[in-house]
Amino acid sequence: MTVHLVKLCVGADDISDLAEWQAERLAEKKKLKQPQVLAHVTRMAPKRAEELLSGGSLYWVMKGVIRCRQKLIGIEPFTDNEGIGRCRLVLDNEIVPTRRQERRPFQGWRYLEAKDAPADVKKGEAGDDMPEEMRRELEELGLL
């Protein structure tokens, strides 16, 4: 059974901010001749790793709303230079916009059952190419 993670995307106002930041990280890694892998480091390792890696994604919350997801392709626990246990959540490079879903603030990450996950915004679907703010307003009005 697949399960997902939900995580606050601190510092990003929208999907384009996240994409820009990740592109900068990949460019930095390329310059340093490091593997071109996107990873988000957390303090705790998920206990449900097998379920997460069977098709799970990391859903990003921006300004109190889930807005997009990235497929989880690896979970790598490690110990940092200070001897503290950490975990790398290895992500697919593709950022997939999703339907908006409100979320209250929380720390760390939370599991998200597949049945509760917001649907992807499909290419060619009404609203897929409009500005984020306009799409939000139309969804709130029930027009999308």
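A residue is called buried when its relative accessible area is under 20%, and exposed when that area is over 50%. The exercises below concern a predicted model.

**Exercise 1.** Determine whether Thr98 is buried or exposed, and describe its surroundings.

*Solution.* Begin with the location: Thr98 belongs to strand 6, which covers residues 96-102. Next, take its relative accessible area, which is 1%. The cut-off for a buried residue is under 20%, so Thr98 is buried. Then consider its neighbours: leaving aside residues up to four places away in sequence, Thr98 touches ten residues' worth of listed partners, including Tyr59, Ile66, Cys68, Asp120 and Arg135. Finally, a polar atom of the Thr98 side chain lies 3.5 Å from the backbone nitrogen of Cys68.

**Exercise 2.** Compare the expected span of helix 1 with its end-to-end distance, and locate its buried residues.

*Solution.* Helix 1 has 17 residues, and at 1.5 Å a residue it should span 24 Å. The expected span counts one less than the number of residues. The end C-alpha atoms are 24 Å apart, so the two values agree. The buried residues of helix 1 are Ile15, Leu18, Gln22, Leu26 and Lys29. Because these cover an arc of only 70° around the axis, they lie on the same side of helix 1. After the helix comes Lys33, with a positive phi near 60°.

**Exercise 3.** Identify which residues of the largest nonpolar core touch the most other members.

*Solution.* This core has 20 residues, and those with the most contacts to other members are Leu5, Leu18, Trp60, Met62, Cys68 and Leu72. Helix 1 and strands 1, 3, 4 and 5 each supply at least two of its residues. A second, separate core has seven residues, among them Tyr59 and Ile66.

Methods
Residues numbered from 1 in each chain as written. Predicted model: local features only at pLDDT ≥ 70, side-chain atom pairs only at ≥ 80, totals over all residues. Heavy atoms only, no water. Core = buried A, V, L, I, M, F, W, Y, C linked by side-chain atoms within 4.5 Å. Buried < 20%, exposed > 50% of the residue type's maximum accessible area, 1.4 Å probe, protein only. Helix = DSSP H or I, 4+ residues; strand = E, 2+ residues; numbered from the N terminus. Polar contact = N/O pair within 3.5 Å; in protein donor to acceptor, adjacent residues only side chain to side chain. Contact = heavy atoms within 4.5 Å. Arc of directions from axis to C-beta.
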